[in-house]
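Reader: Please take one part of this model and go through it closely. After that, follow the side-chain links and the cysteines elsewhere.

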Amino acid sequence: MTLPYPMRVLIACECSGEVREAFRALGHDARSNDLKPAEDGSSHHMQCDAFDALAQWRPDLLIAHPVCTFMSNSGSKHLYIGMSKQNGPNPERWENMRAAAKFFRDLWDAFDGPKCFENPVMHGHAKQLIGRQQTQTIQPWMFGHPETKATCLWLHQLPRLVPTNDVRHLMASLTPAERHRVHHMPPGPERATERSRTYPGIAAAMASQWSPLV
């Protein structure tokens, strides 16, 4: 699909500005959106609900990072009281998971154009609720960052990302804590934000590979 250049791009559920700035660096009119303010104080950030931002900005391309706390496979144990199936389901956690899946599904359905939704590996319950499998799974080491963090992309009218700088070989000299930096982040108020931050190499690949040739 041929998109206009420059494009109007909306990066939903992003306050870091990482993906927004990667697209702006290539001349696109990109805006980020989140309920929280932009970390960099950018005027190209829309602090509002994602659906309001989508209606206001009317982008040519949508990239979204829906909240993954309740849908990620790494947190599936919390669906049960005391993190044990023997104790039965945790009603509050299941309700939050259903709400997160509904948000993902509704935002996906709200935009018919080219789009990419990004999330960690999901557990089976969440996948069943959103009703679609990811298009591809990428790792930071494919894009210049010697770390592991499986990231799933759901793509529509966009090609799969092609690795730009495979540095997997560099991880042999790193400690497990360095290789799995995100996984080993200590608990704290900023842990969720830091764990969901897009790697610069991945953001740059999105911008360069999904921008039309000029």
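Author: The answer starts with one helix and then moves to other sites.

This is a predicted model, in which local features need pLDDT of at least 70 and side-chain atom pairs count only at pLDDT 80 or more, while totals for chains, interfaces and linings use all residues. Residues are numbered from 1 along each chain as its sequence is written, and side-chain values use heavy atoms, with hydrogens and water left out.

Start with α3, residues 91-109. Helices are DSSP runs of H or I with at least four residues, strands are runs of E with at least two, and both are numbered from the N terminus. The expected span of a helix is 1.5 Å times one less than its number of residues. For the 19 residues of α3 that gives 27 Å, and the end C-alpha atoms are 27 Å apart, so the two agree.

Which residues of α3 are buried? They are R93, W94, M97, A100, A101, F104, L107 and W108. Seen down the axis, the buried residues of α3 fall within an arc of 165 degrees, so they line one face of the helix. That arc is taken from the directions from the helix axis to the C-beta atoms. Buried means under 20% relative accessible area, exposed means over 50%, and partly exposed is in between (1.4 Å probe, protein chains only).

The face turned away from the buried side of α3 carries the exposed residues P91 and E92. The cover over the buried residues includes strands β1 (8-12), β4 (61-64), β5 (115-120) and β7, along with helices α2 (50-57) and α4 (124-130). Cover is judged by contact, meaning heavy atoms within 4.5 Å.

The N-terminal end of α3 has a cap. It is N90, with a side-chain oxygen 3.2 Å from the backbone nitrogen of E92. This is a polar contact: a pair of N or O atoms within 3.5 Å, where within protein one must be able to donate a hydrogen and the other to accept it, and residues adjacent in sequence count only if both atoms are side-chain atoms.

K77 sits in the loop between β4 and α3. At 40% relative accessibility, K77 counts as partly exposed. Leaving out residues up to four places away in sequence, K77 touches M83 and S84. L161 is 84 residues from K77 in sequence, and their C-alpha atoms are 31 Å apart.

One of the strands covering α3 is β7. T151 belongs to β7, residues 151-156. T151 is buried at 6% relative accessible area. A polar atom of the T151 side chain lies 3.1 Å from the backbone oxygen of K149. Beyond its neighbours within four places in sequence, T151 is in contact with E118, N119, Q136, T137 and I138.

Now the salt bridges. Each is a side-chain nitrogen of Lys or Arg within 4 Å of a carboxyl oxygen of Asp or Glu. The count comes to 7. E21 and R20 meet in one of them, at 2.7 Å, N to O. R20 is buried at 0% relative accessibility, whereas E21 is partly exposed at 35%. R20, E21 and D40 are linked in a network of salt bridges.

R31 pairs with D29, the closest N and O atoms being 3.8 Å apart. Both count as partly exposed, R31 at 22% and D29 at 28%.

E39 and R197 form another salt bridge, with the closest N and O atoms 2.9 Å apart. This pair links distant parts of the chain, 158 residues apart: E39 is in the loop between β2 (29-34) and β3 (45-47), and R197 is in the loop between α6 (191-195) and α7 (200-210). E39 is partly exposed at 43%, and R197 is partly exposed at 24%.

T198 is also found in the loop between α6 and α7. At 12% relative accessibility, T198 counts as buried. Apart from residues up to four places away in sequence, T198 touches E18, V19, H65 and A203.

Last, the cysteines. How many disulfides does a search of the whole structure find? The result is 0. A disulfide here is a pair of cysteine sulfur atoms within 2.5 Å. The cysteine sulfur closest to that of C48 is in C13, 10 Å away, which is too far for a bond. C48 is buried at 17% relative accessible area. C116 is in no disulfide either, as its nearest cysteine sulfur, in C152, is 11 Å away. C116 is buried at 0% relative accessibility.
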